[in-house]
Amino acid sequence: MLIIDMFSRFDFPGAARLAPMAVKAAVQILRLREHCDSNGWPVIYANDNFSDWKLDFRQQVAQCLSDGGPSARIVEMLSPKSDHYFVLKPKHSAFLATPLPILLAKLGARRLWLSGMTADSCVLATALDANAREYEVHVAREATVGQPARKRRALQTLSESKAASVASVASLLHDS
């Protein structure tokens, strides 16, 4: 499972509108994560570096917690466990200039569940890159954040192009 960009300071244009959607999606991401944990499946956080090249992943999580508000609520729900993995990414795709391909190979992963922010940017770019690398890609609809019209278009693009299946959280949990 990939959790993309859920640790955010919500300090960008449009963040006030996106933050409540992110908190709601975090509840669904937690359902998926708990399922993965109970089955011994890897959970990987892929997060932007906040354009601060001096912070590591754990410092970013701590920063979100200290920011309070939706940033802290998401950390409280999704704080990584000691057996979870993480990669910091400089741009949209979790594959771009990160060790993710090597990590997935070491883990023997062939199927990926994607969740996170935002559907029309980082989730979309990661899904397309995963498909190009011949992973079986599933995007969890309710566990993906985005402005409604843009999210709908991005998920439709993934589905119609067959780059990823777009499924409900319930169906992913049921079919696994």
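Trainee: What makes up the lining of the largest pocket by residue class: how many nonpolar, polar and charged?

Mentor: In this predicted model, the lining divides into nine nonpolar, ten polar and eight charged residues. The pocket holds about 630 Å³ of space. Of its 27 lining residues, D5, F12, D48, T118 and C122 are the closest to the centre.

Trainee: Which elements give two or more residues to that lining?

Mentor: Those are β2 and α5. The most come from α5, with three residues.

Trainee: How does the lining of the second largest pocket divide?

Mentor: Into nine nonpolar, no polar and two charged residues. Cys, Trp and Pro count as nonpolar, so C36, W41 and P42 belong to that class. Arg counts as charged, so R110 and R111 are placed there. The volume of this pocket is about 250 Å³, and β4 gives the largest share of the lining, three residues.

Trainee: Why is D120 called partly exposed?

Mentor: Its relative accessibility is 23%. Buried means under 20% and exposed means over 50%, so D120 falls in between.

Trainee: What makes the pairing of D120 with R150 a polar contact?

Mentor: The side chains come to 2.7 Å. The limit is 3.5 Å between N or O atoms, so the distance qualifies. The side chain of D120 also has a polar contact of 3.2 Å with that of T118, which is within the limit too.

Trainee: Which residues does D120 contact beyond its neighbours within four places in sequence?

Mentor: R150 and A154. The C-alpha atoms of D120 and A154 are separated by 5.0 Å, although the two are 34 residues apart along the chain.

Trainee: Where does D120 lie, and what do the buried residues around it pack against?

Mentor: D120 lies in helix α5, residues 119–132. The buried residues of α5 include A119, C122 and L124. The buried residues of this helix pack against β1, β2, β3, β4, β5 and α6. Just after α5, E134 takes a positive phi of about 65 degrees.

Trainee: What makes L78 a member of the largest nonpolar core?

Mentor: A core consists of buried residues of the listed nonpolar types joined through side-chain atoms within 4.5 Å, so L78, as a member, counts as buried. Of the 33 residues in this core, M6, F7, L32, I74 and L78 touch the most other members. The largest contribution, eleven residues, is from α1. Another core, of 26 residues, lies apart from it, with A94, F95, L124 and A130 among its members.

How values were computed: Residues numbered from 1 in each chain as written. Predicted model: local features only at pLDDT ≥ 70, side-chain atom pairs only at ≥ 80, totals over all residues. Heavy atoms only, no water. Buried < 20%, exposed > 50% of the residue type's maximum accessible area, 1.4 Å probe, protein only. Helix = DSSP H or I, 4+ residues; strand = E, 2+ residues; numbered from the N terminus. Contact = heavy atoms within 4.5 Å. Polar contact = N/O pair within 3.5 Å; in protein donor to acceptor, adjacent residues only side chain to side chain. 1 Å grid on protein atoms, 1.4 Å probe; cavity = no way out; pocket = protein on both sides within 12 Å on 5 of 7 lines; lining within 4 Å. Points joined across faces, edges and corners; volume = space filled by probe spheres on them.
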